[in-house]
Amino acid sequence: MTYVVTDNCIRCKYMDCVEVCPVDCFYEGENMLVIHPDECIDCGVCEPECPAEAIKPDTEPGLESWLTLNADYAKSWPNITVKRDPPADAKEMDGEEGKLEKYFSPNPGQGD
Ligand code: SF4
Ligand code: SF4
């Protein structure tokens with residue numbers, strides 16, 4: 001089991017999660033983060049910290065494609081452990097539907 005980052009992180013990217021993860025398993029894309037499923041120890045402390053409620057346990061149904069996306073991009077995006085400022089329009093983007101189709105970027109973020 002692992003936790004996965006899902007749709008509502010895209011363009012919200014508040015980064016509260018990275019500060020609490022005991023094993024530093026978040027990786028940064030241009031406009032979202034992902035969790036490395038082989039490094040996550042399933043502690044669950046990040047889930048309630050996410051203001052966008054974007055982090056879910058992979059035991060929830062329907063998250064298979066998100067698990068694949070997290071696993072794939074955790075291999076190529078840089079590690080992030082220190083919170084920075086979120087995007088200026090993060091609040092407006094919070095809760096918008098279908099962000100994956102509209103806004104997902106495969107480009108890496110800057111990392112630590
Ligand atoms: S706290 Fe939530 S919205 Fe922010 S980067 Fe982490 S998963 Fe994404
Ligand atoms: S569940 Fe724990 S180990 Fe996994 S990403 Fe969240 S804080 Fe890190």
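Okay, let's start with a question: which residues are the closest to ligand 2? They're Tyr3, Cys21, Cys40, Cys43 and Cys46, and the shell they belong to has 13 residues. Before I go on, please keep in mind that what you see above is a predicted model.

So, what kinds of residues make up that shell around ligand 2? Eleven are nonpolar, one is polar and one is charged.

Now hop over to ligand 1. Here 13 residues form the surroundings, and the closest are Cys9, Tyr14, Cys17, Cys50 and Ala52. Sorted by class, that shell has eleven nonpolar residues and two charged ones, with no polar residues.

Right, let's look at the whole chain. How many helices and strands does the chain have? Four helices and four strands. If you walk along from the N terminus, the order is β-α-β-β-β-α-α-α.

What about overall size? The C-alpha atoms fill a box of roughly 30 × 30 × 25 Å along the principal axes. For 112 residues, a compact globule would have a radius of gyration near 13 Å, and the chain comes out at 12 Å, so the two agree. Of those 112 residues, 34% count as buried.

Here's a number I'd like you to look at twice. Take the contacts with a separation of 6 or more: 85% of them are between residues 24 or more positions apart.

Next, the inside. The largest nonpolar core has 30 residues, and those touching the most other members are Val5, Cys17, Phe26, Leu33, Val34 and Ile35. Which elements give two or more residues to this core? That would be β1, α1, β2, β3 and α2. The largest share, four residues, comes from α2.

Let's zoom in on one of those core residues, leucine 33. Leaving aside residues up to four places away in sequence, leucine 33 touches Val5, Cys9, Lys13, Cys17, Phe26, Tyr27, Glu28 and Ile80. You've met some of those names already: Cys9 and Cys17 are among the closest residues to ligand 1.

Back to α2, because its two sides are a nice thing to spot on the screen. The buried residues of this helix, which spans residues 64-74, are Trp66, Leu69, Asn70, Tyr73 and Ala74. Look down the helix axis and those buried residues fall within an arc of 115 degrees, so they line one face of α2. What do they pack against? The buried residues of α2 pack against β1, β2 and β3, the last of these being residues 33-35. The face turned away from the buried side carries the exposed residues Glu64, Ser65, Thr68 and Asp72.

Now for a couple of backbone oddities. Most residues other than glycine have a negative phi. Methionine 15 isn't a glycine, yet its phi is positive, at about 70 degrees. You'll find methionine 15 in the loop between β1, residues 3-5, and α1, residues 16-20. Is methionine 15 buried or exposed? Buried, because 23 other C-beta atoms lie within 10 Å, and 20 or more is the cut-off for that.

Aspartate 24 is the other one: not a glycine either, with a positive phi of about 50 degrees. Aspartate 24 lies in the loop between α1 and β2, which is residues 26-28. With 14 C-beta neighbours inside 10 Å, aspartate 24 counts as partly exposed.

Valine 23 lies in that loop between α1 and β2 too. With 12 other C-beta atoms within 10 Å, valine 23 is exposed. Even so, valine 23 touches Glu39 and Ile41, not counting residues up to four places away in sequence. How far apart are the C-alpha atoms of valine 23 and glutamate 39? They're separated by 7.2 Å, with their positions 16 residues apart along the chain.

Last stop: valine 20, up in helix α1. Valine 20 counts as partly exposed, because it has 15 C-beta neighbours inside 10 Å. Apart from residues up to four places away in sequence, valine 20 touches Val45, Cys46 and Glu49. And that brings us back to where we began, since Cys46 is one of the closest residues to ligand 2. For contrast, valine 20 and asparagine 31 are eleven residues apart in sequence but 20 Å apart in space, C-alpha to C-alpha.

That's my tour, thanks for listening.

Notes. Residues are numbered from 1 along each chain as its sequence is written. Chains are lettered from A and ligands numbered from 1 in the order in which they are written. This is a predicted model: local features need pLDDT of at least 70, side-chain atom pairs count only at pLDDT 80 or more; totals for chains, interfaces and linings use all residues. A residue is near a molecule or strand if its C-beta atom, placed from the backbone, lies within 6 Å of it. Ala, Val, Leu, Ile, Met, Phe, Trp, Tyr, Cys and Pro count as nonpolar, Asp, Glu, Lys and Arg as charged, and the others, Gly among them, as polar. The radius of gyration is taken over C-alpha atoms; the globule rule is 2.2 Å times the number of residues to the power 0.38. Two residues are in contact if their C-beta atoms, placed from the backbone, lie within 7 Å. The arc is that of the directions from the helix axis to the C-beta atoms. A nonpolar core is a set of buried Ala, Val, Leu, Ile, Met, Phe, Trp, Tyr and Cys residues joined through C-beta atoms within 7 Å.
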